[in-house]
Amino acid sequence: MDLLAIFTIVLDPKILGTILLCTLYGAFVGAMPGLTATMAVALLVPFTWFMDPVQAAAAIVATTTTAIFAGDISGALLKIPGTPASAAYVEDSFRLSQTGKPRTTLFTSLFASVCGGVIGVAILAYATPQLAQLSRSFSSDEAFWLATLGLSCAVFVGGPSVPRNFASLFIGLAVATIGIDVAVGHPRYTFGLMELYDGINFIPAMIGIFALSELLRNAALGRQAHLGKLVVEPLFSAIRDAWREFRKRWKNVIRSASGGTVIGALPGAGADVAAWIAYAVSRRFSKTPEAYGRGHVEGVVDGGAANNAAVAGAWTPALVFGIPGDSVTAIAIGVLMMKGLTPGPDIFTNDTVLVYTIFGSFFMANVLMLLTGGLVVALATQILRVPRAVLMPLILVLSMIGGYAITGSVIAIWIILALGLLASGMIWAGMPLAPAILGIVLGRIVEDNFMVSMMKSRGDLTEFFARDTAAVLGTLTLLVWAALLLRAGWSFFGNRTSSK
Amino acid sequence: MILRRDFVVGAVLIALAVAMIWGAQGFPRIRAMPYGPDLFPKIIAGGLILSALGIILEGLRNMRSGQDQDEIAQGKVTPLAAMAFLGIVALVAGFALLLPVLGFHVAAALVLLGAVRIFGGNWVLAGVMAITAPVVLHYIFYSLMRVVLPWGVLAPYAW
């Protein structure tokens, strides 16, 4: 790892400027209730289209890092988490704010987030090159099993209902079948539209799933959250008190950041799952577990460190195997692929600049977040007063031009609408979106490798286990499926017995 | 009779799977290969059907144990919320249809007028947004980012 090379890249004025702007953008979007970190990235994507791959990766990393932290702001002040990653400890942060300490709480969370993010990227930078070494000799068998294992993990961590998680995955895979197939080059489910021959364009798809579905949900909710009366303490005393609080709990930060990175690395388990688990672990090991949920800062520190560490962790499978760890890395992979780069082990030898930029951007974004995140905390009460009647219509038009800018055709707007409605339907049906996103991203990879292996083996399925690594990955996948079946059976029969 | 959410979801998924299988019937095959472009869609359709059956079973279990009351409450939609939802859908569809005909400025202004009203803004705010925002967005995308946005009816006045 060449630290000097990393810093030379990220201190380039163009990259540094991008990171600074995107941390401000991420902080603003993350702070607004109803606008998630994934939505921030989806709206950013049309702009990344006009950047080089390195700058685009820096922009995505910086936006996500700050948006995940900034989700705490509306959580603390309005009790509405700005992003789902802040939901785990929203009760605590809100109650602390109500006792006249909103800024102290948010600065404590900011310090924990920055520290968590830095630990996350340190683990990412150390672990990914080692894992890449391992995966360099993979054939289509291993690639198939790896992608299938990634999808199965997404189903496993998706939500409480196994059939719904599976349905979400299959919907994503079904969307991925649209376009010309790999076996004979026949257009599938394109309804005669030439624009669909290359498949559903990824960027309008993501804008539809993450931006339009949120707008539709917000429109249906039909109300603006109000701040009410809030006592805000002086800025400097808040920073001082927050620093003291943070220093007392540095062990929590290290524990939750390490755990958060590992959880973030599991495909489908993003920053929100990391925060929930870190919060639960924190309560388990706390000397005052009874205070959790009643305005206890310990849970805020643990959750805040874990969700920002998970953001970095999610890049581990994305960089090493090309399998996204969460929705944001799914979008990032889509962006890199459209720029002709395929994430995977070879990226560590062929595109070291990109890899170094990602590591460096994470570090710089976390450092700059002290400044931009602090600024947004200081101005939080003003930011949260921006009327949604101004913000939401602008996002609606931006979403549509963003999609149009990529394809240069109104088909993008129809894709946005179709997938926005699909995502809204899935949310109504109680299905998690993450497995579907992974299905859309990995569908082609799974099918291509499956068909290549089928052709090689002339349809003999045992050949999928013939190579050692493929056998291990295949067995792991089958074990995850068995665990899923057991879980589904347990929740069905177990609940039926208990309800008698 | 209240149509329970799980049954509706299950039925929709099965319908989607049947449509996928039906569509895959027409995909061509190469004689030497026992499988072709229809294999993967059929596997996915099979998965959708199994998931749908699982969801329907869950629904039956919840109905028997009386655990579905929360779900029914969640699934209820007020007429106002439905109108707002459909309003946004109509605006997006309208934008797609009108963009090539009327051009970006007019189509975006119409969308903004409607969207500001749906999100609770008054007519004055809607008017201000409809006039200013398309010009600013056009400058960013057309002039700075070189995205070719159609001028439509404003083509004689293009700058």
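This is a dialogue about a predicted model with chain A and chain B, and about why its features carry the names they do.

Student: What should I know before we start?

Tutor: Residues are numbered from 1 along each chain as its sequence is written, and chains are lettered from A, ligands numbered from 1, in the order in which they are written. In this predicted model local features need pLDDT of at least 70, side-chain atom pairs count only at pLDDT 80 or more, and totals for chains, interfaces and linings use all residues, while side-chain values use heavy atoms, with hydrogens and water left out.

Student: How many residues of chain A and chain B take part in the contact?

Tutor: Chain A brings 63 residues and chain B brings 64 residues. Contact means heavy atoms within 4.5 Å.

Student: What is the area buried between chain A and chain B?

Tutor: About 5500 Å², with carbon and sulfur atoms giving 82% of that. Buried area is the accessible area (1.4 Å probe) that two parts lose on being put together, summed over both.

Student: How many residue pairs are in polar contact across the interface of chain A and chain B?

Tutor: The rule finds six, with both residues at pLDDT 80 or more. A polar contact is a pair of N or O atoms within 3.5 Å; within protein, one must be able to donate a hydrogen and the other to accept it, and residues adjacent in sequence count only if both atoms are side-chain atoms.

Student: Which helix gives the most to the side of chain A that touches chain B?

Tutor: H19(A), with 13 residues. Helices (H or I, at least four residues) and strands (E, at least two) are DSSP runs, numbered from the N terminus. That side of chain A divides into 46 nonpolar, 11 polar and six charged residues. Here Ala, Val, Leu, Ile, Met, Phe, Trp, Tyr, Cys and Pro count as nonpolar, Asp, Glu, Lys and Arg as charged, and the others, Gly among them, as polar.

Student: What makes Arg164(A) and Glu58(B) a salt bridge?

Tutor: A salt bridge needs a side-chain nitrogen of Lys or Arg within 4 Å of a carboxyl oxygen of Asp or Glu. The closest N and O atoms of Arg164(A) and Glu58(B) are 3.1 Å apart, so the pair qualifies. Across the interface of chain A and chain B the rule finds two salt bridges. The whole structure has 15 over all chains.

Student: Why are Arg95(A) and Glu91(A) about one helical turn apart?

Tutor: Because they are four residues apart in helix H5 (residues 90–98) of chain A. They also form a salt bridge, with the closest N and O atoms 3.2 Å apart.

Student: Why is Arg95(A) called partly exposed?

Tutor: Buried means under 20% relative accessible area, exposed over 50%, partly exposed in between (1.4 Å probe, protein chains only). Arg95(A) has 38%, so it is partly exposed. Glu91(A), at 27%, is partly exposed too.

Student: Is Asp38(B) buried or exposed?

Tutor: Buried, because its relative accessible area is 5%. Its side chain meets that of Lys42(B) in a salt bridge of 3.0 Å, N to O. Lys42(B) is partly exposed at 30%.

Student: Where is Pro37(B), and what does Pro37(B) touch?

Tutor: Pro37(B) sits in the loop between helix H1 (5–24) and helix H2 (39–65) of chain B. Its relative accessible area is 1%, so Pro37(B) is buried. Among the residues it touches are Asp181(A), His186(A) and Phe27(B), leaving aside residues up to four places away in sequence.

Student: How do you know that Thr357(A) is buried?

Tutor: Its relative accessibility is 0%, so Thr357(A) counts as buried. Thr357(A) is in helix H17 (residues 352–378) of chain A. Its side chain reaches the backbone oxygen of Val353(A) at 2.5 Å.

Student: What sets Tyr189(A) and Phe191(A) apart in accessibility?

Tutor: Tyr189(A) has 16%, so it is buried. Phe191(A) has 74%, so it is exposed. Tyr189(A) lies in the loop between S2 and H9 of chain A, and Phe191(A) is found in the loop between S2 and H9 of chain A. Neither is a glycine, yet phi is positive: about 50 degrees for Tyr189(A) and about 55 degrees for Phe191(A).

Student: How many disulfides does the whole structure have?

Tutor: Zero over all chains. A disulfide would need a pair of cysteine sulfur atoms within 2.5 Å.
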